[in-house]
Amino acid sequence: MSYRDNRTASVSRRGFLGAVGLGALGSVPTGTAGAATLDDQYRTVVDVRDEGADASGGESVSALLADLVDDETLLRFPPGRYYMDAQVRASGITNVGLVGDDATLVPADYDDFEGPTYRLFRLGTHYDPGRDICVADFDVDQRGTGTGIRAFHLSAADSLRLENVDIVGRHDSGTWGPVLVRVTDPGGSGVVSGVRMPDGADWETETPGDLWRGPTGILVNDHRGHLTVRDCVVNNFPDNGLYVQGEGTVSVRGGRFANSGPVNVRIGAREAAVEGATVVVDDRAPNYRAQIPMRFDYAEAVDVEGVDLALATPNGDALQLRGGVERATIRQSDVSIGAVPASGIVARRGSGPLSVVDVNIDIESSGNAIRALGDGGSLVVQGGHVGGGATGETLRHAVRCERDGSEFRQLTVDQWGGGRRRGLALLGDDAVVYDCRIQSSDWPVHARGTNVWVEDNYLNSYSGTGSIRIGPSADTVRVKNNELPDGIEDDGGSAVLVTGTTY
């Protein structure tokens, strides 16, 4: 990847967090060597209970914490429950830490929280960010009725870390979602790791608050630096699970995202990478118009690798590339789509070149496993497999390519579900199909463009309608060294040359 990854990025003098592991340090009791290492990074270390914080959950600690948060200060939260009924805000702060030790933050309910912002902590803003902000090792208990809250709103120019946070209970207040983070300096970096919010949130019509649709799980906006989102769990949010927007870069490493709408992982960034993530749609929520697993709105480069997109009950395409994406590569990934009409990888009009490498798509629905719409860059498919019992009742082709300069090499397609299901539609010019094995209920290959080369393939129609159809608009089609058990159906193409091919 061309952008700087957090694992190799330079760090500030407070960058010890990346070297020693904040999550582990935050859990070490005061007095151990690990805790001393963390404490040494701050001029002041405060035990909030020693300063009078009620750890029983009875009295609000908001006002006390607002007084304690300061530059060069670490606040340690011993075991207990800390009730909060107002926002703690500090802008332009430097080297501030909040670390729990079996500590739970308990927000007041919607009516008792001092509005209108409904946040627990707002550390830094987009116009006055902090620097060296770390938050780790907390539970946020929102199991009480109407207690959904934005727990952490963190804006840092550099060195932002949010780690090991569990949001417990369903967000049912109709206010902002649990987490907002951003890195405002183009040279800055941050990490969100081990943040888990499995219980989701309610739709706006079911809450006392009137936030449109409802909350987002993890929101990253006005982002300009580099952010790594690692091993997070985000389920059932009505206004996107993870939503990234800005001029920076983002890496999503691992994690599980499920059943959020309209998109589970939605990214618009200068460069975006998603590796090893699992995205699941197996619960079609009645209010959600779509629950798309992954969507990229814009980027100079998108890299997706080792992801698992499992759509047992799909409600939208599996992966969308919008027109603002200049280049994308999807490799070594698995997509499964249940028997509800939906498509797999979709490149919208205006998006740039797309490479699909060693991707396996199992599709039971009448949709395109891969669809590349016109007015965009080329599509290259290398290796991989398209299988399943999809029919051709809604969208006929397993792969539909409207783009010029596209290539298909060592691709296996097996679509046996009937309903005139077809294999590969070549609707652009200058296409190559090489060393592929394509079997489908209807035509395995349908060529309609100019300058099409089909070589060393096995193309079999289960219904015997023809191994390849050459449309009347096709011109200069070369069919070389193929095995075509069902022959060629030529509907009037021009300059068709067939050599070394068996029928």
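The legends below accompany an overview and several close-up views of a predicted model.

**Figure 1. Overview of the predicted chain and its secondary structure.**
The chain has 503 residues, of which 60% count as buried, and its secondary structure comes to four helices and 46 strands. Along the principal axes, the C-alpha trace spans about 85 × 45 × 35 Å, while the accessible surface of the chain comes to about 17700 Å², with 44% of that surface belonging to carbon and sulfur atoms. When contacts between residues at least 6 apart in sequence are considered, 69% of them join residues that are at least 24 apart. The side chains include 46 that are positive and 71 that are negative, and the centres of these two sets lie 5 Å apart.

**Figure 2. The aromatic pair formed by Tyr110 and Tyr118.**
Seven aromatic pairs are found in the structure. In the pair shown here, the ring centres of Tyr110 and Tyr118 are 5.3 Å apart and the ring planes meet at 10°, so the pair is stacked, given that planes under 30 degrees apart count as stacked. The two partners fall on either side of the limit for burial, which is set at under 20% relative accessible area: Tyr110 is partly exposed, with a relative accessible area of 23%, whereas Tyr118 is buried, with a value of 17%.

**Figure 3. The aromatic pair formed by Phe138 and Phe152, and the cluster that holds both residues.**
The rings of Phe138 and Phe152 have centres 6.2 Å apart and planes at 45°, so this pair is tilted. Distant parts of the chain are linked by the pair, since Phe138 belongs to strand S8 (residues 131-141) and Phe152 to strand S9 (residues 150-156), with their positions 14 residues apart in the sequence. Phe138 counts as buried at 2% relative accessibility, and Phe152 is likewise buried, with a relative accessible area of 0%. Both residues are part of one aromatic cluster, in which they are joined by Phe77, Tyr82 and Phe121.

**Figure 4. Strand S23 and its two parallel neighbours, S20 and S26.**
Strand S23, which covers residues 301-305, is mostly covered, with four of its five residues buried. Strand S20 (residues 271-275) pairs with S23 in the parallel sense over five bridges, and within the view Ala273 can be found opposite Asp303 of S23. Strand S26 (residues 328-331) also runs parallel to S23, and four bridges join these two strands. On this side, Ala328 in S26 is the bridge partner of Val302. As background for reading the view, in a regular strand the side chains alternate between the two faces of the sheet.

**Figure 5. Backbone geometry at Pro262, Asn451 and Thr476.**
Most residues other than glycine have a negative phi, and most peptide bonds are trans. The peptide bond from Gly261 to Pro262 is cis, with omega near 0°, and Pro262 has its place in the loop between strand S18 (256-258) and strand S19 (263-268). Asn451, although not a glycine, has a positive phi of about 60°; this residue lies in strand S41 (residues 450-455) and is partly exposed, with a relative accessible area of 33%. Thr476, which is not a glycine either, also has a positive phi of about 60°. The place of Thr476 is in strand S44 (residues 475-480), and at 22% relative accessibility Thr476 counts as partly exposed.

**Figure 6. The surroundings of Gly169 in a loop.**
Gly169 lies in the loop that runs between strand S10 (160-168) and strand S11 (179-183). With a relative accessible area of 9%, Gly169 is buried. When residues up to four places away in sequence are not counted, Gly169 touches Gln142, Arg143, Asp199 and Gly200. The view also takes in Ala201, which is 32 residues from Gly169 in sequence and 8.8 Å away in space, C-alpha to C-alpha.

Notes
Residues numbered from 1 in each chain as written. Predicted model: local features only at pLDDT ≥ 70, side-chain atom pairs only at ≥ 80, totals over all residues. Heavy atoms only, no water. Phe/Tyr/Trp six-rings, centres within 6.5 Å; stacked < 30°, edge-to-face > 60°. Buried < 20%, exposed > 50% of the residue type's maximum accessible area, 1.4 Å probe, protein only. Contact = heavy atoms within 4.5 Å. Areas by Shrake-Rupley, 256 points an atom, 1.4 Å probe, with all protein chains shown as cover. Lys, Arg positive; Asp, Glu negative; His and termini not counted. Charge placed at Lys NZ, Arg CZ, Asp CG, Glu CD. Pairing = 2+ DSSP bridges.
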